[in-house]
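Reader: Got a minute to go through this one with me? I'd like to jump around a bit.
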Amino acid sequence: MTPPTTPRTTAATQLQRRAVAHLAPVLPLLQELGGIFTADGHEVALVGGPVRDAFLGRESTDLDLTTSARPDRIEALLEPWADTTWDIGRDFGTIGARKGDTIVEVTTYRADAYDRQTRKPVVSFGDSLTEDLVRRDFTVNAMALRLPDLEFVDPYDGMGALAARSLMTPSTPQVSFGDDPLRMMRAARFAAQLGFTVDPRVRAAMTELAGSIEMISAERVHDELMKLLLAPDPRAGLTLLVDTGIADHVLPELPALRLEVDEHHRHKDVYEHSLTVLEQAMALEGPRVVPGLEEPELVPGPDLVLRLAALLHDIGKPATRRFEKGGGVSFHHHEMVGAKLVRKRLRELRFDKETIKQVSRLTELHLRFHGYGGPGVPSRDRSGGVDSQWTDSAVRRYITDAGPLLSRLHLLTRSDCTTRNRRKAAALSAAYDSLEVRIAALREQEELDAVRPELNGNQIAETLGIRPGPVLGRAYQHLLAFRLDNGPVGQDAARAELLRWWAEEGAE
């Protein structure tokens, strides 16, 4: 007797057909490989992310298969079929292979047990697909397509979770996260990447077990955090990490931004401000239009350095907050304190030296647009407007101090304006438009990307009659500052300034 058709079974059938259609380019190869394994008496199935992404209509670069065959037999079956094979992790049951442009990873069914103290699995091979699927992180990743007949296997209702865009674990969340606490960060990453919410039971377990994330290596935490930040909606994942307490252990500077807002609302919510700055910076990645510029500098997205700087630029505020007389709140030098905190945290998270250097430098510079003093520098007037006429000297220093980070600094500075006062926001945006036009004009005129004094080291030494050493270095730095302040003046004027400086200060 044929079971009655219900709206759910109809929807599932439609989704399955959609998935098969999405996999069409690689199905002949997968079915060919499935035939090889089944002819040898083994089960094999496409599993995990590729199946999930097929249902979602997303491209997946991975083709992960699981099989009843043991690693040695997997290798023996793959070698005559593939162009090349390699041992990804024989002890863990995984053999890789490439045929044409397609790469597959085939892993023996697993039924691991875990040491709850170190999270290291005691590798154990399993004998059934269902047993393998229950050890996976979420039900949406615990679906499979048996090969070669494309039978859909879904013992833990991953399809229902997928339809609800919800994350639930095949076993209880406490068991799943106890096996591997990194799965809690993976939940946040999927929230950011795929727009999924977490089941209330998953959220409760994440909160309960938040501290167990500390047994995970910094390298694995780094990888998940990086994927989260490069996702389409990092706010969703970051908010989940903060609300469950996991961020207290992996990125404590972020929840620390939730400064209490006093009853007079004398300062903005720094945590929400930082998330908004991140979103606004993301929106500026890629092509953009600046009035007066035909081709503004672009920051292709997703850009990890920009996103980290946007998220962390204000982390120095909690340590520098002061309540001033008259009801104001100040955060003096928070950019310098924040730069140090950025370096410390990113080093602990095992980010590379160049990323750490760039993010900390952007944090240090993010207030520079508002911080110049003297005539013609942006300053608030009585009407609330902004004077955007900077001196050439200030513009040169801005360019030189930012160096190769200038394009990102443009976006970070623009994004840092989260005021609801439309007139103030428009004035700041117009001022920065003007600054970018000025920078472009100065660069074209003076080639500021390679700015240097108009006398080189040998000429300075000859003029002053000195040898290489600290005094020559001081003289060089003075001429560089003179060049930044005055623009190109010619070698004669530079030499005269050098002699004036030497007479007053250099010979002391």
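Reader: How many residues does helix 23 have, and what does it reach from its first C-alpha to its last?
Author: Helix 23 (residues 470-486) has 17 residues and reaches 24 Å from first to last C-alpha, close to the 24 Å expected at 1.5 Å a residue. The expected span is 1.5 Å times one less than the number of residues. Helices here are DSSP runs of H or I with at least four residues, strands are runs of E with at least two, and both are numbered from the N terminus.

Reader: Is this a predicted model, and what are the ground rules?
Author: This is a predicted model, where local features need pLDDT of at least 70 and side-chain atom pairs count only at pLDDT 80 or more, while totals for chains, interfaces and linings use all residues. Residues are numbered from 1 along each chain as its sequence is written, and side-chain values use heavy atoms, with hydrogens and water left out.

Reader: Back to helix 23, then. Which of its residues are buried?
Author: Leu 472, Ala 475, His 478, Leu 479, Leu 480, Phe 482, Arg 483 and Leu 484. Buried means under 20% relative accessible area, exposed means over 50%, and partly exposed is in between, using a 1.4 Å probe and protein chains only.

Reader: Why would spacings of three or four places matter in a helix?
Author: An α-helix has 3.6 residues a turn, so residues three or four places apart point the same way.

Reader: And what comes just after helix 23?
Author: Gly 487, which takes a positive phi of about 75°.

Reader: Which non-glycines have a positive phi?
Author: Arg 165 is one of them, at about 50°, and Arg 350 has a phi of about 65°. Arg 165 sits in the loop between helix 6 (158-164) and strand 10 (166-167). Arg 350 is in the loop between helix 16 (334-348) and helix 17 (353-365).

Reader: How do those two arginines score on accessibility, in percent?
Author: Arg 165 is partly exposed at 36% relative accessibility, and Arg 350 is partly exposed too, at 46%.

Reader: New topic: sheets. What's the strand order in the open one?
Author: It goes 3-4-5-2-1-8-9, 7 strands with mixed pairing. Two strands pair if DSSP finds at least two bridges between them.

Reader: Which strands stand at the edges?
Author: Strand 3 (84-89) and strand 9 (151-153); each has a single partner strand, so one side of each is left without a neighbour in the sheet. On average, neighbouring strands of this sheet are turned by 30° against each other, direction ignored.

Reader: Walk me through some pairings?
Author: Strand 3 pairs with strand 4 (residues 94-99) in the antiparallel sense over 5 bridges, and Asp 87 has Ile 95 as its bridge partner there. Strand 2 and strand 5 (residues 102-108) run parallel over 4 bridges, with Leu 65 opposite Val 106. Strand 1 (residues 44-47) and strand 2 (residues 64-67) are antiparallel, joined by 3 bridges; Ala 45 has Thr 66 as its bridge partner.

Reader: What does helix 3 lie across?
Author: Helix 3 (residues 49-56) lies across strand 1, strand 2, strand 8 (144-146) and strand 9, and runs at about 55° to strand 1. Axes are lines fitted to C-alpha atoms, for helices over the stretch in contact (heavy atoms within 4.5 Å), and angles run from 0 to 180 degrees between N-to-C directions.

Reader: Where are the cis peptide bonds you've got?
Author: One joins Leu 147 and Pro 148, with omega about 10°, and Pro 148 is in the loop between strand 8 and strand 9. Another joins Gly 301 and Pro 302, with omega about -5°; Pro 302 lies in the loop between helix 13 (270-284) and helix 14 (304-312).

Reader: Last thing: how many aromatic pairs are there?
Author: The whole structure has 5. Among them, Phe 55 and Phe 152 are edge-to-face, 5.2 Å centre to centre with 65° between the planes. Phe 55 is in helix 3 and Phe 152 in strand 9, 97 residues apart. Rings of Phe, Tyr and Trp (its six-membered ring) pair if their centres lie within 6.5 Å; planes under 30 degrees apart count as stacked, over 60 as edge-to-face and the rest as tilted.

Reader: Is Phe 55 buried or exposed?
Author: Buried, at 2% relative accessibility.
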